[in-house]
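Student: Could you walk me through this one, taking a strand before the chain contacts?
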Amino acid sequence: MRPNPPIDTRLLSLRAAQRTTRRQFLGRGAAVIGGLALGPTLLAACGGDDDGGTSTAGGTATEGGLEGTSLVILNWPLYIENDDAETSATLEAFTEQTGIKVDYRPEIDGNDSFYTKYEPELSAGRGIGADLVVLTSWMAAQMIEQGFVQELAPGSVPNRSNILPDLADPDFDPGRRYSLPYAIGQAGLAYYPDKVGGEIDDVNVIFDPQFAGKVTILDEMRDSVGLTMLGMGLDPSTGSVADAEAAIAKIGKAREAGQFKRITGNSYTEDLDLGDTWIAMAWSGDIASLRAENEDLAWVIPKQGGMRFVDNMLIPIGARNKAGAEAFMNFLYQPTVAAGLYEAINYVPPVAGAKDAMTPEAQDSPFINPPPTPRLYDFRTLTPEEDERLSRAFAQATQQ
Amino acid sequence: MTTEASGVRASRWYLPYLLLAPGALWLVLFFIVPMFSMLQLSLEDRGFANYTDVITDNGTVIVRTFSYAGAATVAAIVIGYPLAYFIAVRGGRWKNLLLALVVLPFFVTYLVRTLAWKILLFDGGPVVAILQGAGVLGDGEGLLGRDIAVVGALTYNFLPFMVLPIYVSLEKLDRRLLEAGADLYSSPARAFRTITLPLSLPGLFAGTLLTFIPAAGDFVNSELLGSERTTMIGNIIEKNFGKEFFRPELSALSFMLMALILVGVILYARALGTEDLV
């Protein structure tokens, strides 16, 4: 699941239901693996907790005061086992260990739609009935900038030292004072080798006239523009607005020539699964789900590189159980806990050491453990003015 | 006696208002008030320029939206009128069953119905295979993502809204008028033109409104069955409303959509002369 355009909620619940079904197969397998992984997890977690208790003597995340409290988490679909607190091994273990009940709501269906929905309360300085929300970096940046996020209490998340080094100091939140990554997803290419006549490793195939009408790209500007920039030899993590505009112009021109079957958000998976799309700009989590039942489908991070998105945990202002949210972050940042969760949901863990605690199969998965090359790029954090300028240009180039 | 009667009358003067109140309150609260805030929003940032910008930026989309809605409405009339006529005039004891069949698809949610079309129309699906076999579609040609898929689905999704009002007005039709026409040596075609059709105009008018207006505001059919080449006004609004800086323009776009529909409806009512009929 991924930042997607605000979409009719009926539509989304339908899609979510659809994909949950697809995933159930995967989910069950993962639950077994998760269970295996969780044996040691629980032990480690209990052991780790004693340390946690002493190191959080400051008083925020001590177990005693939190037992019996409840924690409301708003997250994206398919970001926890079974999308369900009752049957999620991770949440169960968390409750068992801390005594904190989790009210888990997989209801975030887009960064923009989340913002649209909750901005009035947040602007008024009120809470939104949630203690922890998960948002993509660019939206996390906006939330922090606008003062909608509470600073993490120093020492409340001792396990944060396990964060992957390259995520520890993002430009929108130096030193991670307000946020911690929840998961890392990738944007790359999904394709049918039998239909395109072999393996693909060049991102520019999406512009190859040979495949006109058989290609879909994403309506998420940062991913489509980022991948296009990589194909043009530009670096989306440092590039200028003019570079991005050049990429948008290229997309617009190809679109006019009929290159793209569709430019869309989550619903690209339907055409891809049906086989109407041969090559799709795609999000890793979706393809991991599709591949569970569709073995013909291949996934590749092109040789020029892929895009990476990081979804971040934030504690919104007005949260009733801030300490509980911090305790959850701390719990998740134990490598063994993270190993179980990310193996189940097929995303890259932001927790160092998590991969080593996974099964060999998971360690081989490009969705969970992408190889160091080709590189994955973050789209540069845009200023509000740049965001507006590029969003307008992108909408103009892709929607008319 | 007289005082009593006038007392009753006086005590009832408020009755119509009382009956109106729930509906009026509902509309004021949930329609008029939001409309005003939308109007306000549509004039934010750059004032009236929002409107002109939105027209120049979305000219193709606006034209496309009304062409789709118009085509779907015409198709619904072409399919729906004969169907309603048949059920009303020839339905006999099957009437209720036939009407139930018209409404039956509505027992399935809108989205599922539309997604079902996707399974039917996709490139590897049965419909494309048949059409390719018949030579209607060339090799490698498909249906999804094209005008015809979206217009077809719009027609299908709103067809019952056309059939039912027409049926109601045809059902009420006094057959003796037709017999009288025949007695006066009118051909069946002429009787239809001069008697049946004019008397069914209220139904046709209602059906047209119930089809055209939701079709013009729809975004689901284009989202699921179309592509970015079939973008409608609804899609533009749906896709971009989350971005704060787009909102004034999108509110302007919504207002324009409403205004255009309103003008269209008035012109249509004039042309049909239905003010007296409804």
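Tutor: What follows covers one strand and then an interface. This is a predicted model, in which local features need pLDDT of at least 70, side-chain atom pairs count only at pLDDT 80 or more, and totals for chains, interfaces and linings use all residues. Residues are numbered from 1 along each chain as its sequence is written, chains are lettered from A and ligands numbered from 1 in the order in which they are written, and side-chain values use heavy atoms, with hydrogens and water left out.
Student: Is β9(A) mostly covered or mostly open?
Tutor: Mostly covered, since 9 of the 9 residues in β9(A), residues 306–314, are buried (under 20% relative accessible area, 1.4 Å probe, protein chains only; strands are DSSP E runs of at least two residues, numbered from the N terminus).
Student: And which strands pair with β9(A) in the antiparallel sense?
Tutor: β3(A) does over 4 bridges, and β4(A) over 8 bridges, where pairing requires that DSSP finds at least two bridges between two strands. Asp311(A) is the bridge partner of Thr136(A), while Arg308(A) is that of Gln186(A).
Student: What about β10(A)?
Tutor: β10(A) pairs with β9(A) in the parallel sense over 2 bridges, with Leu376(A) as the bridge partner of Gly306(A).
Student: Switching topic, how many salt bridges are there between chain A and chain B?
Tutor: The count is 8, a salt bridge being a side-chain nitrogen of Lys or Arg within 4 Å of a carboxyl oxygen of Asp or Glu. One of them joins Asp219(A) to Lys239(B), with the closest N and O atoms 3.0 Å apart.

Note on methods:
Buried < 20%, exposed > 50% of the residue type's maximum accessible area, 1.4 Å probe, protein only.
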